[in-house]
Each structure stands twice: as C-alpha cells, then as structure tokens.
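Colleague: Got a minute to walk me through this one? I keep tripping over the labels people put on helices.

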Amino acid sequence: MTDVPNRPPDPPDEPAAGDPYSQGYPPAQGHPPVPAYPTAQGYPPPPPGYGAAPVMPSGYAAPSGQVGHVRGTGLCILLCFVTLGIYSLYWFYVTHEEMKRHSGQGLGGPLALVIAFFIGIVMPYLTSNEVGELYARRGQHPPVSGLTGLWYFPGVFLVIGPIVWFVKTNKALNAYWRSLGAVG
C-alpha cells in the first residue's frame, strides 16, 4: 500500500465474519455464478470484458417516449420535388412531432409547421439541432448540429447544398430511430 492521502484502506482478503452478502448461493443448474453483492467495503470489480456505464451529461434525461418512423431519404427528396415543396412542410411537421413525443423537448409539430411556413430559412438549423440533441441526451456524439444548417443556407448558392443538408439530417434521424428498434 502506498501513502496516498484520503485513500480508503484496501479491503481484507477474507470477508468479515457474519457478512451476509459475502455468503454467495450456489449457482442454479446450468447457469453461471451470480456476482457477489456489494459489501461494506464497496462493489466488486466488474467482470472482464465489461466497460464502465456511459456517463450522461448533467441536465439531460434519457428519452423514453415513442420511437419515430424511418423515412427513406431518396423518397422524401422525390416527394419534395413532385409536390413542389409541400412535402417538406409535412416532413418538418411529422419529424418535429415525433422528436417532441419521444424526448418531451423541442418545437413539436404545430410550431415547426408555422415556422417552416413563415420563416422557413431557420428550419434547417432548428431541425439539425434537435436531431443532434437526441443523441446528446443519450450521451452520444451528435452527428449533426445547428451548424449543419449551413449546408442549406448559404449552401443553396452551391445548388446541391440543401440536398446535402437533408441527406445528413435525415440519415442521422433514421439512424437514431433504428438504434431504438424502428424498422425501415
């Protein structure tokens, strides 16, 4: 043992007499032994091959609502062209409504539709930000953020910019829903 200040003493090699948690039960037939219960000295180390549990950022709670639908990126782009952009209003409505139902946070469908209709230029920034926040609430690195909206504007001057924005954002949203069991 080294002299480290404020370090608790090492646990004894033998369990304390009368410690009910150190008395393990025999494993059920055909099952591996159950790990030891916590003792007064602390928890036993995790079995080999197990990592530490992911740390959630403070202020975030893991979403627990309904899982959204996976929408094909190519089909959505085609529908936007065929309907002269009307499908994009529907897409903003349903994706924001699904994200709100899932996480309990965000714009929600009706507000997203109003914003998309009147000041649509801000929707790519808001949508990418909300998709990124879904990942952040789970403690994962967000694949898209509000900055992804820059592909839309001023990316529109590159002609292909809005398509790049949509592919990135829809792909990230679909991957999120698939990670929760959505099929599509």
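Modeller: Start with a rule: the expected span of a helix is 1.5 Å times one less than its number of residues. Bear in mind that this is a predicted model, where local features need pLDDT of at least 70, side-chain atom pairs count only at pLDDT 80 or more, and totals for chains, interfaces and linings use all residues. Residues are numbered from 1 along each chain as its sequence is written, and side-chain values use heavy atoms, with hydrogens and water left out.

Colleague: How do you know that the span of helix α5 agrees with that rule?

Modeller: Helix α5 (residues 161-179) has 19 residues, so 27 Å is expected, and its end C-alpha atoms are 27 Å apart.

Colleague: Why are α2 and α3 called roughly antiparallel?

Modeller: Helix α2 (residues 86-103) and helix α3 (residues 109-118) pack at about 150 degrees. Angles over 145 count as roughly antiparallel (under 35 is roughly parallel, 65 to 115 roughly perpendicular, the rest oblique), so α2 and α3 get that name. Among the residues making the contact (heavy atoms within 4.5 Å) are Leu89 and Phe92 of α2 and Leu113 and Phe117 of α3.

Colleague: What makes leucine 89 partly exposed?

Modeller: Leucine 89 sits in helix α2, and its relative accessible area is 22%. Buried means under 20% and exposed over 50%, with partly exposed in between (1.4 Å probe, protein chains only), so leucine 89 counts as partly exposed. Leucine 89 touches Leu113, Ala116 and Phe117, leaving aside residues up to four places away in sequence.

Definitions and conventions:
Axes are lines fitted to C-alpha atoms, for helices over the stretch in contact, and angles run from 0 to 180 degrees between N-to-C directions. Helices (H or I, at least four residues) and strands (E, at least two) are DSSP runs, numbered from the N terminus.
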